[in-house]
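Work through the exercises below with the sequence and the model side by side. Try each task before reading its solution.

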Amino acid sequence: MSPQTLTDFFLSRASACPYSPDRVGRLVFTDLSSAGEPRELHAQLSRAGFRRSQGIAYKPNCPECQACRAVRVPVAKFSPGRGLQRIARRSAGVTATVMAAKGRGEHYALFHRYVRSRHGDGGMAGMSFDDYLAMVQDTPVPSELIEFRTENGDLYGVCLTDLLDDGLSLVYSFFDPDMAAQSPGKFIILWHMEEAKRRGLPHVYLGYWIEESRKMAYKARFRPLEAHGPNGWQPL
C-alpha cells in the first residue's frame with residue numbers, strides 16, 4: 001500500500017454472528033473517506049478481501065471462525081452452466097439502465113418489499129427511506145445503480161455496484177419477490193458478467209460466501225469461483 005493511501009484500521013466489538021448466532025463475530029474496518037485517495041484504497045482493500053458499506057471498508061476478523069470468504073468470478077474464464085443459460089433465456093426481455101447512485105422512491109418501495117419478503121427477521125427490514133438513501137448515496141468511491149425492467153416496463157430489480165480498477169463489485173442487489181421463480185438475483189449477476197466483459201474488466205466481485213449457508217449457495221454456481229484466503233485468491 002502506497003504512502004498516499006495509509007489509513008487507520010479498527011477492530012469492532014465482539015457480537016453475535018448474523019449467519020451463525022451461536023458464534024462470535026468481529027470486523028476489522030477503516031473509513032475510506034479518511035484516505036487521501038479513497039478510490040485507490042478501496043480497490044486495494046477489495047483485492048485483499050474487504051467489502052464496502054457506505055464509507056466503511058470492512059472484513060471479518062473472527063477469533064474462532066474463518067467461514068466468511070470474499071469471492072469473485074474471473075470474467076475471461078466464466079462459462080455458464082445449463083441452469084444459468086436457461087435463466088438468461090427466460091430474462092432476455094429484461095433491460096438494464098445504468099444511472100447515478102441516487103435514492104429513488106420507486107426503488108425504495110421495491111427494496112422494502114424485497115427485504116420484508118426475504119429477510120424479514122434481519123436488521124434491514126426496518127430501514128427508513130433516509131436509511132436507504134444513506135446506503136445508496138453515502139460513498140466516497142465511484143458507484144452506480146443498475147435498474148432492471150421487464151418488457152412491460154415494470155421494475156424487476158436494482159443493484160448498487162462499485163466500479164473498481166479490476167472489476168465490478170456488487171454491493172447490494174434486490175428484486176421483485178413476486179418474480180423470484182425467474183431467478184432475478186442470478187440474472188443480475190449474469191448481466192454484470194457481460195458488462196464487465198464489455199468494459200474490459202477482469203473480475204466480478206460477489207461479496208462474502210459461506211459454504212454452509214443455503215442463502216449464499218447460488219454464488220457457487222458462477223464458475224470458476226475464486227475465494228480470498230491466507231494465500232490470496234485461489235480457485236474453489
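**Exercise 1. Classify leucine 190 as buried or exposed, and place it in the fold.**

Solution. This is a predicted model. Start with the accessible area. Leucine 190 has 10% relative accessibility. The cut-off for buried is under 20%, so leucine 190 counts as buried. Next, find its element. Leucine 190 belongs to helix H5. Finally, look across to phenylalanine 222. The two residues are 32 apart along the chain, and their C-alpha atoms are separated by 8.7 Å.

**Exercise 2. Is strand S10 enclosed or open to the outside, and which strands pair with S10?**

Solution. Begin with burial. S10 covers residues 155–164, and 10 of its 10 residues are buried. The strand is therefore largely enclosed by the rest of the structure.

Now take the pairing with S9. Strand S9 spans residues 143–149 and pairs with S10 over 7 bridges, in the antiparallel sense. Check the register: serine 143 is opposite aspartate 162 in S10. The hairpin of S9 and S10 has 5 residues between the strands. In this hairpin, glycine 153 takes a positive phi near 90°.

Then take the pairing with S11. Strand S11 covers residues 167–175 and runs antiparallel to S10, with 8 bridges joining the two. Here leucine 163 is opposite leucine 168 in S11. S10 and S11 also form a hairpin, with 2 residues between them.

One general point helps when reading side chains here. In a regular strand, side chains alternate between the two faces of the sheet.

**Exercise 3. Give the strand order of the open sheet that contains S1, and find its edges.**

Solution. Four strands are involved: the open sheet has 4 strands in the order S1-S4-S6-S5, with antiparallel pairing. The edges are S1 (10–11) and S5 (51–53). Each has a single partner strand, so one side of each is left without a neighbour in the sheet. Now inspect one edge. S1 is joined to S4 (residues 27–31) by 2 bridges, and the two strands run antiparallel. Leucine 11 has valine 28 in S4 as its bridge partner.

**Exercise 4. How many salt bridges does the whole structure hold, and which parts do the pairs of arginine 72 and arginine 113 tie together?**

Solution. The search of the whole structure finds 12 salt bridges.

Take arginine 72 with glutamate 226. Their side chains meet in a salt bridge at 2.9 Å, N to O. Arginine 72 lies in strand S7 (residues 69–74) and glutamate 226 in strand S13 (residues 226–229), so the pair ties together parts 154 residues apart in sequence. Check burial at both ends. Arginine 72 is buried at 10% relative accessible area. Glutamate 226 is buried at 13%.

Take aspartate 178 with arginine 113. Their salt bridge is 3.0 Å, N to O. Aspartate 178 sits in the loop between S11 and helix H5 (184–199), and arginine 113 in helix H3 (residues 105–118), so the pair ties together parts 65 residues apart in sequence. Again check both ends. Aspartate 178 is exposed, with a relative accessible area of 66%. Arginine 113 is partly exposed at 37%.

**Exercise 5. Find the salt-bridge partner of arginine 149, then name the residues joined into one network by shared partners.**

Solution. Arginine 149 pairs with glutamate 147, with the closest N and O atoms 2.9 Å apart. Glutamate 147 counts as buried, at 9% relative accessibility. For the network, follow the shared partners. Salt bridges join Glu144, Glu195, Arg198 and Arg199 into one network.

**Exercise 6. Which residues form the positive surface patch, and is arginine 89 buried or exposed?**

Solution. List the members: Arg82, Arg86, Arg89, Arg90, Arg221 and Arg223. Place arginine 89 in helix H2 (residues 82–90). Then read its area. Arginine 89 is exposed, with a relative accessible area of 56%.

**Exercise 7. Locate arginine 39 and find how far its C-alpha lies from that of tyrosine 205.**

Solution. Arginine 39 is in helix H1 (residues 38–47). Arginine 39 is partly exposed, at 48% relative accessible area. Now compare sequence and space. Arginine 39 and tyrosine 205 are 166 residues apart in sequence, with 16 Å from C-alpha to C-alpha.

Conventions:
Residues numbered from 1 in each chain as written. Predicted model: local features only at pLDDT ≥ 70, side-chain atom pairs only at ≥ 80, totals over all residues. Heavy atoms only, no water. Buried < 20%, exposed > 50% of the residue type's maximum accessible area, 1.4 Å probe, protein only. Pairing = 2+ DSSP bridges. Patch = residues over 30% accessible without salt bridge, like charges linked within 9 Å, V, L, I, M, F, W, Y side chains within 5 Å. Areas by Shrake-Rupley, 256 points an atom, 1.4 Å probe, with all protein chains shown as cover. Salt bridge = Lys/Arg side-chain N within 4 Å of Asp/Glu carboxyl O. Lys, Arg positive; Asp, Glu negative; His and termini not counted. Charge placed at Lys NZ, Arg CZ, Asp CG, Glu CD.
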